[in-house]
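This report goes through a single protein model, from individual residues to the interior. The sequence and the coordinates are shown first, and the description follows them.

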Amino acid sequence: MSVWLDWLIGFACAGLIAGLGYRKQWLSGSGAIAAAMMGTIYYAAGSLLWFGLLILFFISGSVLSRMKRERKRRMEQDYAKGSRRDAGQVFANGGLGMLLCLGNAIVPHEAWVLAFIGIMATVTADTWATELGSLSRKPPRSVLNGRVLEPGASGGVSLRGTLAAAAGGIIIGGAAWLFSLLSSSGNPYTDLSSFTSIVYGAWIMVLAGLVGGLAGCFADSYLGATVQLMHRCTVCGKIVETDMHHEQPTVYARGWRWMNNDMVNAVSSIIGGAVALLFLVI
């Protein structure tokens with residue numbers, strides 16, 4: 001009975017948050033449905049750590065996306081990083097973590113937790129870097145050659161964006177450790193038997209978030225600069241991520257045709273999760 005209750009509570013909580021996201025225009029209709037389904041699984045199959053990190057990423061990213069809204073609106077016309085997430089974006093950011101959550105429910109192991117921290121740190125770091133870095137007065141530079149790029153361009157990095165990414169990763173790592181303590185999830189990194197164990201657990205999880213998040217974020221920039229699918233506007237000739245520009249269909253310009261922005265997010269998340277797994281040996 002308790003298992004079914006967990007699923008009902010998860011569905012109710014996730015549905016309310018997804019409904020709020022739709023009302024606030026943080027999510028599209030398909031995005032709200034995907035978020036409700038994903039949140040239900042995170043809650044019922046996981047714990048506060050899993051569900052909490054998902055909500056922390058979603059709310060923080062959505063709030064940051066509303067900052068300087070008019071300035072960012074111009075960027076969204078060129079780049080596929082709009083503030084209103086559809087189902088594809090929701091699954092690209094949280095789908096891998098959902099699989100890890102299910103894996104941990106079947107065969108509990110600290111590897112699932114560290115990989116999840118790395119993945120959530122990556123998507124949070126990338127979102128924070130994009131939203132806060134785009135507000136920098138100095139234009140970003142290409143991660144490949146240092147060439148000046150337009151704000152929001154794929155493959156661009158900036159000092160402000162990098163610091164925002166580092167902050168996002170640290171927040172995810174620290175929150176993961178705190179949520180583990182509060183949920184008594186049995187995480188080996190939250191052993192309360194001694195002060196040393198507590199400090200060690202916090203150190204490992206924060207480092208996993210910081211390093212994993214930065215690694216995934218820079219991987220996102222590298223993929224964006226090299227193999228991400230880009231289009232050319234037939235009206236102004238500009239290289240953009242979107243299928244439409246100036247209300248006209250765009251044409252293929254470069255990159256792997258299957259490597260759209262959602263795939264870049266997913267691949268960089270895998271890299272961030274893999275880097276976080278290195279902390280298993282520490």
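Gln25 is found in the loop between helix H1 (2-23) and H2, in what is a predicted model. The phi angle of Gln25 is near 65°, a positive value in a residue other than glycine. With a relative accessible area of 43%, Gln25 is partly exposed, because that class covers the values between 20% and 50%.

Helix H2, which follows that loop, contains Thr40. Thr40 counts as buried, at 8% relative accessibility, and its side chain reaches the backbone oxygen of Ala36 at 2.7 Å.

**Helix H5 and its start**

Helix H5 spans residues 87-106 and bends by about 50° at Gly94. The N-terminal end of H5 is capped by Asp86, of which a side-chain oxygen lies 3.2 Å from the backbone nitrogen of Gly88. Asn93 also lies in helix H5, and with a relative accessible area of 10% this residue is buried, because the limit for that class is under 20%. The C-alpha atom of Asn93 is separated by 9.0 Å from that of Thr122, although the two residues are 29 residues apart along the chain.

**Pairs separated along the chain**

The pair formed by Asn93 and Thr122 can be set beside three others for which a C-alpha to C-alpha distance is given below.

| Pair | Separation in sequence | C-alpha to C-alpha distance |
|---|---|---|
| Asn93 and Thr122 | 29 residues | 9.0 Å |
| Met205 and Gly118 | 87 residues | 9.3 Å |
| Val251 and Ile239 | twelve residues | 9.5 Å |
| Ile171 and Leu53 | 118 residues | 9.7 Å |

Met205 lies in helix H8 and is buried, with a relative accessible area of 0%. Ile171, by contrast, is placed in helix H7 and counts as partly exposed at 40% relative accessibility. Val251 belongs to strand S7, which covers residues 251-254, and Val251 is likewise partly exposed, with a relative accessible area of 40%.

**The nonpolar core**

The largest nonpolar core has 45 residues, and those with the most contacts inside it are Tyr42, Leu49, Trp50, Leu53, Phe116, Ile117 and Met120. At least two residues of this core are supplied by each of helix H2 (29-45), helix H3 (48-65), H5, H6, H7 and H8. Among these helices H6 gives the most to this core, with nine residues. Leu53, one of the residues with the most contacts inside the core, is also the partner of Ile171 in the pair that lies 118 residues apart in sequence.

**Cavities**

Rolling a probe the size of a water molecule over the atoms shows where empty space is left. Here the count comes to five cavities of 30 Å³ or more, and the largest cavity has a volume of about 320 Å³. Of the 27 residues that line the largest cavity, the closest to its centre are Ala129, Thr130, Gly156, Val157 and Ser221.

Which elements each supply at least two residues of the lining of the largest cavity? They are helix H6 (110-133), strand S2 (156-157), helix H7 (159-183), helix H8 (195-226) and helix H9 (261-277). The largest share of this lining, six residues, comes from H8. By residue type, the lining of the largest cavity divides into ten nonpolar, 14 polar and three charged residues.

Taken together, the core and the cavity draw on some of these helices in both roles: H6, H7 and H8 each supply at least two residues of the largest nonpolar core, and H6, H7 and H8 each supply at least two residues of the lining of the largest cavity. H6 gives the most to the core, whereas the largest share of the cavity lining comes from H8.

Notes: Residues are numbered from 1 along each chain as its sequence is written. This is a predicted model: local features need pLDDT of at least 70, side-chain atom pairs count only at pLDDT 80 or more; totals for chains, interfaces and linings use all residues. Side-chain values use heavy atoms; hydrogens and water are left out. The bend at a residue is the angle between axes fitted to the seven residues ending there and the seven starting there. Helices (H or I, at least four residues) and strands (E, at least two) are DSSP runs, numbered from the N terminus. A polar contact is a pair of N or O atoms within 3.5 Å; within protein, one must be able to donate a hydrogen and the other to accept it, and residues adjacent in sequence count only if both atoms are side-chain atoms. On a 1 Å grid over the protein atoms alone, a cavity is a set of points where a 1.4 Å probe fits but cannot get out, and a pocket is an open set with protein on both sides within 12 Å along at least five of seven lines; lining residues have an atom within 4 Å of a point. Grid points are joined across faces, edges and corners, and a volume is the space filled by probe spheres set on the points. Ala, Val, Leu, Ile, Met, Phe, Trp, Tyr, Cys and Pro count as nonpolar, Asp, Glu, Lys and Arg as charged, and the others, Gly among them, as polar. A nonpolar core is a set of buried Ala, Val, Leu, Ile, Met, Phe, Trp, Tyr and Cys residues joined through side-chain atoms within 4.5 Å. Buried means under 20% relative accessible area, exposed over 50%, partly exposed in between (1.4 Å probe, protein chains only).
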